[in-house]
Amino acid sequence: MEKRRAVVSVIGKDKVGIISRVTAVLAENNMNILDINQTILQDFFTMMMIIDISVIDHLNKLRDELELVGEEMDLKINIQLEDIFQAMHRI
Amino acid sequence: MSIAMDEIIQTIRMVQMENLDIRTVTMGISLQDCADSDFYKMNKRVYEKIITYAGNLKSVAEITEKEFGVPIINKRISITPIAEILGNATVEQAIELAKTLDKAAKQLGVDFIGGFSALVHKGASIGDETLLKSLPRALSETERVCASVSVATTRTGINMDAVQQMGFIIKEAAELTKDHNGIACAKLVVFCNPVEDNPFMAGAFHGSGEGEVVLNVGVSGPGVVLNALRRHPSADLGEVSDIIKKTAFKITRAGELIGRVVAKRLGIPFGIMDLSLAPTNAVNDSVAEILEEIGLERVGTHGTIAALALMNDAVKKGGAMASSYVGGLSGAFIPVSEDNGMIRGIIEGSLTLSKLEAMTCVCSVGLDMIAITGNVTPATLSAIIADEAAIGMINKKTTAVRVIPVPGKNEGEMVEFGGLLGRAPVMGVNPFSSQKLIDRGGRIPAPLQALIN
């Protein structure tokens, strides 16, 4: 099967347990994290993860679960296919 | 190659804070095989074909926008110019067909269906005449049907008889919808040099050179360009062009990717990317504000044409590098009612109708979504169209007129059209008559530019 990857981005006010909650959702869905990058930008917690989504057909379930975490922790969580970033930033 | 964090943040910022979106995915459908001497058979076939071909357009577009995290604002349909299949149908039947198209659009959940159109730049056939006569009622009795009429091309000259007729049609369409500020006119475009694969409304139609079915995509992103320029306040104009070019490149690449995915999932060919910068009434999503950011106190002042020419050219250069198939109108749109900066320019007196006309010489379309006084005469409307057609004809480019003579409103009043169509201050027209020019009728011959063989 062709390798499909998605980017999970998490942005919001820093607090305890963000990475734990987000990665727990990914683990429950059997998602492997390929790359992870986290920093604090102007007091804002910012995290980008690249995950392998070859094992699932669509992102709906994952998106819903991540959005739920986002609402609970007051974070903005997006999940997008990696292709869009490749198209915009790589020739 | 892996993607850097700042690149991911840049894309997210473009979408969430700067209004980057895919403005429209437009499915072009040929209706040529629906023609029939029996109107009722044709009417039924048209409905069934559109419903069948575009059945999944909305759902596929919605799934795809979620996956890529870039919104697709409009899902639309363009069809074979209806005049070409009308045959011997009556005016009443043409209106009924418009209602059928409206019903299909509503059934599918698409916001507009374009192609209730006639190409009469050299002359009108029986079907063309029927369609033109049906236009005022067809547009005022439907919600989502868009119409366009081609009255001129560089190759044929200007059909001034059709131009004259359009003056009356626009006036009548406005009167029939006077309770809604003449909204029917917002769905009617008069073209010079129309293109066959334009995905944008109200001027979209599926030209006769097109295939059975195709997906065309229009991106947008004035807000992204504006914010990119704001980060370089002291760049010289060469650098300004470069910033716009790079931004347009990224926007176009996003659009092409998503367009191709939607087309593939629908099992139809991808047609073209239209590179137009189309403004909306969202904060900062304005072409006028880009021109002001380049260095004008208010849009419409001296230097506006130069800034617009620079911007329009840079958008094309960036976009052309990003997509293999560029088409449609591809340039900057300068609609008034959909652009907060243009509205402000008019209210503050910096932007006039004459300046807007001049701007159409260097941008992709023409006088667009402009409200004018309700007491304008049909001859003056025709003369406005003739001027725009002449600009397009001589400069070998598309020009268009979409003006709304708002019944009962005078210069300076504000009118609301609602939704994407926005609001506009009513503009006055030149009080002197053009009646004799229009009454002469006939055809303005094709210019020397047409003799290129």
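I take helices (H or I, at least four residues) and strands (E, at least two) as DSSP runs, numbered from the N terminus. This is a predicted model, in which local features need pLDDT of at least 70 and side-chain atom pairs count only at pLDDT 80 or more, while totals for chains, interfaces and linings use all residues. I number residues from 1 along each chain as its sequence is written, letter chains from A and number ligands from 1 in the order in which they are written, and use heavy atoms for side-chain values, with hydrogens and water left out.

**Entry 1: chain A as a whole**

I looked up the elements of chain A first and found 3 helices and 4 strands, which follow the pattern β-α-β-β-α-β-α when read along the sequence. The radius of gyration of chain A is 13 Å, close to the 12 Å that the globule rule gives for 91 residues, so chain A is as compact as a globular protein of that length. For that comparison the radius is taken over C-alpha atoms, and the globule rule is 2.2 Å times the number of residues to the power 0.38. Along the principal axes, the C-alpha trace of chain A spans about 40 × 30 × 20 Å.

I then asked how many of the 91 residues of chain A count as buried. The value is 46%, where buried means under 20% relative accessible area, exposed means over 50%, and partly exposed lies in between (1.4 Å probe, protein chains only). The accessible surface of chain A comes to about 5,000 Å², and 49% of this belongs to carbon and sulfur atoms; such areas come from the Shrake-Rupley method with a 1.4 Å probe, and for residues only the protein chains shown count as cover.

For contacts, meaning heavy atoms within 4.5 Å, I noted that in chain A residues 24 or more positions apart account for 70% of those with a separation of 6 or more.

**Entry 2: one residue of chain A**

Asn30(A) caught my eye through its positive phi of about 65°, although Asn30(A) is not a glycine. I located Asn30(A) in the loop between helix H1 (18-28) and strand E2 (32-41) of chain A, and with a relative accessible area of 60% Asn30(A) is exposed.

**Entry 3: chain B as a whole**

Turning to chain B, I recorded 15 helices and 14 strands. A compact globule with 453 residues would have a radius of gyration near 22 Å, and the 21 Å of chain B agrees with this. The C-alpha atoms of chain B fill a box of roughly 60 × 50 × 50 Å along the principal axes.

Of the 453 residues of chain B, 62% count as buried, and the chain exposes about 16,700 Å², with carbon and sulfur atoms supplying 52% of that area. Among contacts in chain B between residues at least 6 apart in sequence, 79% join residues at least 24 apart.

**Entry 4: cysteines of chain B**

How many disulfides does the structure hold over all chains? I found 0, a disulfide being a pair of cysteine sulfur atoms within 2.5 Å. For Cys146(B), the nearest cysteine sulfur is that of Cys185(B), 12 Å away. Cys192(B) is likewise in no disulfide, and its nearest cysteine sulfur, that of Cys361(B), is 12 Å away.

Is Cys146(B) buried or exposed? Cys146(B) is buried, with a relative accessible area of 2%, and Cys192(B) is buried too, with 1%. I placed Cys146(B) in strand E5 (residues 145-153) of chain B. Leaving aside neighbours within four places in sequence, Cys146(B) is in contact with several residues, including Phe112(B), Lys187(B), Met201(B) and Ala202(B). Phe112(B) is 34 residues from Cys146(B) along the chain, yet their C-alpha atoms are separated by 6.8 Å.

**Entry 5: loops of chain B**

Two of those contact partners of Cys146(B) share a notable bond, for the peptide bond from Met201(B) to Ala202(B) is cis, with omega near 10°. Ala202(B) is found in the loop between strand E7 (188-192) and strand E8 (213-220) of chain B.

Asn284(B) has a positive phi of about 70°, although Asn284(B) is not a glycine. I found Asn284(B) in the loop between strand E9 (270-274) and helix H10 (287-295) of chain B, and at 25% relative accessibility Asn284(B) counts as partly exposed.

Lastly I looked up Glu18(B), which is found in the loop between helix H1 (5-16) and strand E1 (21-29) of chain B and, at 3% relative accessibility, counts as buried. Not counting residues up to four places away in sequence, Glu18(B) touches Arg13(B), Gly223(B), Val224(B), Asn227(B) and Arg231(B).
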